[in-house]
Amino acid sequence: KHLLLHHVLALAVSFQLQIWTTTSLSTTTTGGGTRRVFVGGLTPATAQANDLEERFQKLFGPIEEVSVMNFKTAAPYAFITFESAEAANKALSFEFDDANYQVKPARAMAPRPKSQQRRQKSEQDWDNKLRIAKDSNVMVQVHKSHLERLEDFFTDMGQGDDNANNSVEVVGTVPDSGSKTVGLLGLQVSNTALFLQTLRDLPFTAVALNKVYLVENDHVVVSTEDGSEPNQQLLNSVTQQQKLPRGSIVRLDTFPPKLTSAILKSFEEQDDFQVAPTGHTHVLNVVQLQSLDTGKEQKIWVHGISERSMAWSRMQHRVGPDGSTSSISIDDSDDDICRAYYKLQEAFVRYDAGKSVFRNAKSRGGLVALDCGASPGGWTKYLCEQGGHGDVKRVYSIDPGALDATVESLPQVQHLRLKVEDALPSIIKQSTDAVHVDVWVSDMCLHQMSEQVDWLLTARDMSLVG
């Protein structure tokens with residue numbers, strides 16, 4: 001039995017070895033049954049796909065595909081896929097007398113994780129931008145450094161109890177907008193007029209916005225793949241979807257701005273409306289969303305037409321003490337002293353930082369605040385403006401640097417031109433009554449962030465803060 005089993009195993013091993021040897025030799029001599037071959041030794045003159053297909057098909061058999069690579073260089077090459085392995089084997093064993101073709105078995109293409117990840121990322125990005133184009137009626141252009149912060153702000157705006165008449169939903173963000181510095185936010189807003197007014201009334205938000213485009217969920221995927229003119233596609237979409245009174249004067253507002261001149265040329269040939277930068281009755285907003293794949297011939301153009309009164313403006317409307325109204329650009333406002341003013345405003349408005357503090361401070365005769373690193377006075381000025389008349393009793397402004405004259409002259413301000421380690425004992429020494437600081441803000445230039453907290457704890461140990 002043992003001898004018989006040994007004999008059977010020997011036959012099996014011999015048979016397996018014979019199969020392996022035959023297969024191995026077959027792979028070496030015939031290309032392992034592959035239908036795809038590599039063709040090297042080409043020149044720019046001989047690397048013509050049609051010529052290669054015609055010749056190889058005539059010599060060896062039907063061809064499925066010819067791909068010529070590096071055809072613009074001095075050393076092009078090609079991959080030819082035959083319909084059968086037999087035809088490929090003929091090409092591999094054939095000797096060309098009139099050409100320097102180097103025909104070899106094509107190696108199996110190894111998966112390229114990075115290329116696949118890049119392609120997947122590009123496809124996800126395109127789907128995301130297409131979704132934003134379909135679902136957004138407002139596109140907001142902001143500096144990339146503000147993109148995440150404003151996304152959070154608009155999300156909070158949509159969830160707040162005070163915004164029942166103005167629902168706001170963040171559809172998505174476009175950090176890869178084609179610009180190095182600018183990103184886009186897609187929003188779905190129920191009341192665009194109220195939304196725009198809210199933005200103007202909140203300067204800390206308005207100063208971060210470059211543009212606001214009203215696009216009313218209208219978009220068109222433009223393509224140059226079929227040889228058509230994308231600007232004409234946009235014009236067709238605009239005239240079909242937008243209801244413009246005949247004779248309207250339209251101003252173009254585009255992103256990126258370079259779109260304007262190209263679109264203008266196409267619009268010159270139509271007579272439904274005029275296009276002009278001034279004296280306009282309507283604004284045509286066009287925002288381009290392009291794929292991460294720079295070779296992709298498709299782009300999404302989101303567009304919408306709004307009346308001039310609805311166009312985004314950085315102008316604030318103010319009512320004076322005598323009831324007169326005026327307008328001033330947010331950029332020209334003298335409220336802020338410096339941009340830091342808006343940092344503190346955002347903290348108070350978004351997080352209700354001051355409500356309970358002011359309520360408790362009233363019982364002690366008014367709020368006392370301390371501003372560390374106060375120069376030039378943006379935070380100090382904002383603190384002085386909080387609450388009603390007399391609600392802010394004192395703001396200690398600590399900074400060796402100067403305060404703006406308009407801040408220095410405020411009656412609540414006491415400027416200590418000292419470093420914080422000298423200013424804290426000075427406050428205690430100068431005061432006849434115990435000082436209780438209700439609000440401590442700090443924008444000191446320190447090497448370590450933890451030092452900001454250290455000085456607050458020091459003030460607590462000195463009984464300056466509770």
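## Strand pairing

Two strands count as paired if DSSP finds at least two bridges between them. In this predicted model, strand β17, residues 392-398, meets that criterion with β18: the two run in the parallel sense and share four bridges. One position on β17 can be placed exactly, since Val395 has Val413 of β18 as its bridge partner.

## The four-stranded sheet

The β17-β18 pair belongs to an open sheet of four strands, ordered β18-β17-β16-β19, in which the pairing is parallel. At the edges lie β18 (413-416) and β19 (439-442), each of which pairs on one side only. Ignoring direction, the average turn between neighbouring strands of this sheet is 15°.

## Salt bridges across the chain

Side chains of opposite charge can pair when their charged atoms come close. Over the whole structure, a search finds seven salt bridges.

One of these is formed by the side chains of Arg35 and Glu64, with an N to O distance of 3.3 Å. Arg35 sits in the loop between α1 (2-30) and β1 (36-40), while Glu64 is part of strand β2 (residues 63-69), so the contact ties together parts that are 29 residues apart in sequence. Arg35 has a relative accessibility of 33% and therefore counts as partly exposed, because that class lies between the cut-offs of 20% and 50%.

Arg149 and Glu346 form another salt bridge, in which the closest N and O atoms are 2.5 Å apart. This pair links distant parts of the chain, 197 residues apart: Arg149 belongs to helix α5 (residues 144-159) and Glu346 to helix α10 (residues 340-351). The two partners fall into separate accessibility classes: Arg149 is partly exposed with a relative accessible area of 26%, whereas Glu346, at 10% relative accessibility, counts as buried. The value for Glu346 is 10%, and buried means under 20%.

## Lys381-Glu385 and a shared network

The side chains of Lys381 and Glu385 also meet in a salt bridge, at 2.5 Å from N to O. Here the acidic partner, Glu385, is partly exposed, with a relative accessible area of 37%. Lys381 has a relative accessibility of 12% and so counts as buried. Elsewhere, Lys211, Arg251 and Asp253 are joined into one network by salt bridges that share partners.

Key
Residues are numbered from 1 along each chain as its sequence is written. This is a predicted model: local features need pLDDT of at least 70, side-chain atom pairs count only at pLDDT 80 or more; totals for chains, interfaces and linings use all residues. Side-chain values use heavy atoms; hydrogens and water are left out. Axes are lines fitted to C-alpha atoms, for helices over the stretch in contact, and angles run from 0 to 180 degrees between N-to-C directions. A salt bridge is a side-chain nitrogen of Lys or Arg within 4 Å of a carboxyl oxygen of Asp or Glu. Buried means under 20% relative accessible area, exposed over 50%, partly exposed in between (1.4 Å probe, protein chains only).
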